[in-house]
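Notebook open, coffee poured. I want to look up the pockets first, then the cores, then whatever odd backbone angles turn up.

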Amino acid sequence: MLAFGALRLSAQTTPAPAEPVYGKAADNKIYAQQLVNELVVTYPELGSVGLHAIPPGKKDYEIVAQNRDLIGKKSSADDLEVIERDAAKIYPWVIEGSPRFSALAALRDRSGTIIGMAALSFKRGPGIDKLTVHTRMVAILSELSFKIPDREALFKPIP
């Protein structure tokens with residue numbers, strides 16, 4: 001501590017805020033994660049897939065399944081807008097150094113009820129543009145919705 005007359009200055013260090021710790025995809029043993037894993041295998045053009053929903057006992061949307069270790073990350077304002085407005089957003093993005101097209105759209109159950117949001121990341125390449133991404137996204141999400149009876153099904157444990 002340095003003293004200058006009545007003024008005393010102390011060198012206090014404030015710890016840097018901790019980086020958030022999210023759940024690991026490999027440890028996520030729910031039906032939603034099984035769906036994500038199946039999508040990534042079935043559609044090699046997908047670089048990543050994330051499903052957002054409100055988990056049981058919670059009140060906010062978050063990533064409930066992802067092939068990256070982001071389980072539990074709160075949904076952003078952009079994500080919430082997609083859900084609330086039943087919107088689709090497609091834009092160029094870079095994920096972990098790889099150029100992609102990110103495609104966000106409402107996630108629906110079998111009855112057509114919006115239960116969250118899906119984030120699909122398409123690998124970029126020849127012939128891949130916003131229109132082809134939109135067409136693929138609609139087809140993939142339509143197929144996915146038939147596998148989801150309701151929101152609660154996303155959280156059923158799997159072995």
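Before I count classes, a note to self: Ala, Val, Leu, Ile, Met, Phe, Trp, Tyr, Cys and Pro go down as nonpolar, Asp, Glu, Lys and Arg as charged, and the others, Gly among them, as polar. With that sorting, I get 12 nonpolar, eight polar and five charged residues in the lining of the largest pocket. I should also write down that this is a predicted model.

**Entry: the fold overall**

I looked up the elements and found three helices and seven strands. Read from the N terminus, their order is β-β-α-β-β-α-β-β-β-α. The protein has 159 residues, and 38% of them count as buried. I also checked contacts with a separation of 6 or more: 55% of them join residues 24 or more positions apart.

**Entry: largest pocket**

How much space lies in the largest pocket? I get about 500 Å³. I find 25 residues in its lining, and those nearest the centre are Arg68, Lys73, Asp79, Tyr91 and Ala119. Strands S3 (46–53), S4 (62–66), S5 (88–95), S6 (98–108) and S7 (114–123) each give at least two lining residues, and so does helix H2 (77–85).

**Entry: second largest pocket**

For the second largest pocket I have a volume of about 210 Å³. Its lining has 13 residues, with Ala105, Ala106, Arg108, Val138 and Leu141 closest to the centre. Which elements give two or more residues to this lining? They are S6 and helix H3 (130–145). H3 has the largest share, at six residues. By class I count eight nonpolar, three polar and two charged residues here.

**Entry: nonpolar cores**

General reminder: in soluble globular proteins, nonpolar side chains tend to be buried together. I looked up the largest nonpolar core and found 30 residues in it; Leu46, Leu51, Leu120, Phe122, Met137, Leu144 and Leu154 touch the most other members. Helix H1 (31–42), S3, S4, S6, S7 and H3 each supply at least two residues of this core. I picked Leu46 for a closer look: leaving out residues up to four places away in sequence, Leu46 touches Leu39, Leu120, Ser121, Phe122, Lys123 and Ile140. Another core lies apart from the largest one and has five residues, among them Val82, Ile83, Leu104 and Met117.

**Entry: helix H2**

Which residues of H2 are buried? I find Asp79, Val82 and Ile83. Looking down the axis of H2, I see these buried residues fall within an arc of 95°, so they line one face of the helix. Ala77, Glu84 and Arg85 are exposed on the other side of H2. The cover over the buried residues of H2 includes S3, S5, S6 and S7. Asp79 turns up twice in my notes, as a buried residue of H2 and among the residues nearest the centre of the largest pocket.

**Entry: positive phi**

Most residues other than glycine have a negative phi, so I went looking for exceptions. Asp86, just after H2, has a positive phi of about 50°. Asp86 sits in the loop between H2 and S5. Is Asp86 buried, partly exposed or exposed? Its relative accessibility is 42%, so I log Asp86 as partly exposed. Glu96 is also not a glycine and has a positive phi of about 50°. I place Glu96 in the loop between S5 and S6. With 66% relative accessibility, Glu96 counts as exposed.

Technical notes
Residues are numbered from 1 along each chain as its sequence is written. This is a predicted model: local features need pLDDT of at least 70, side-chain atom pairs count only at pLDDT 80 or more; totals for chains, interfaces and linings use all residues. Side-chain values use heavy atoms; hydrogens and water are left out. On a 1 Å grid over the protein atoms alone, a cavity is a set of points where a 1.4 Å probe fits but cannot get out, and a pocket is an open set with protein on both sides within 12 Å along at least five of seven lines; lining residues have an atom within 4 Å of a point. Grid points are joined across faces, edges and corners, and a volume is the space filled by probe spheres set on the points. Helices (H or I, at least four residues) and strands (E, at least two) are DSSP runs, numbered from the N terminus. A nonpolar core is a set of buried Ala, Val, Leu, Ile, Met, Phe, Trp, Tyr and Cys residues joined through side-chain atoms within 4.5 Å. Buried means under 20% relative accessible area, exposed over 50%, partly exposed in between (1.4 Å probe, protein chains only). Contact means heavy atoms within 4.5 Å. The arc is that of the directions from the helix axis to the C-beta atoms.
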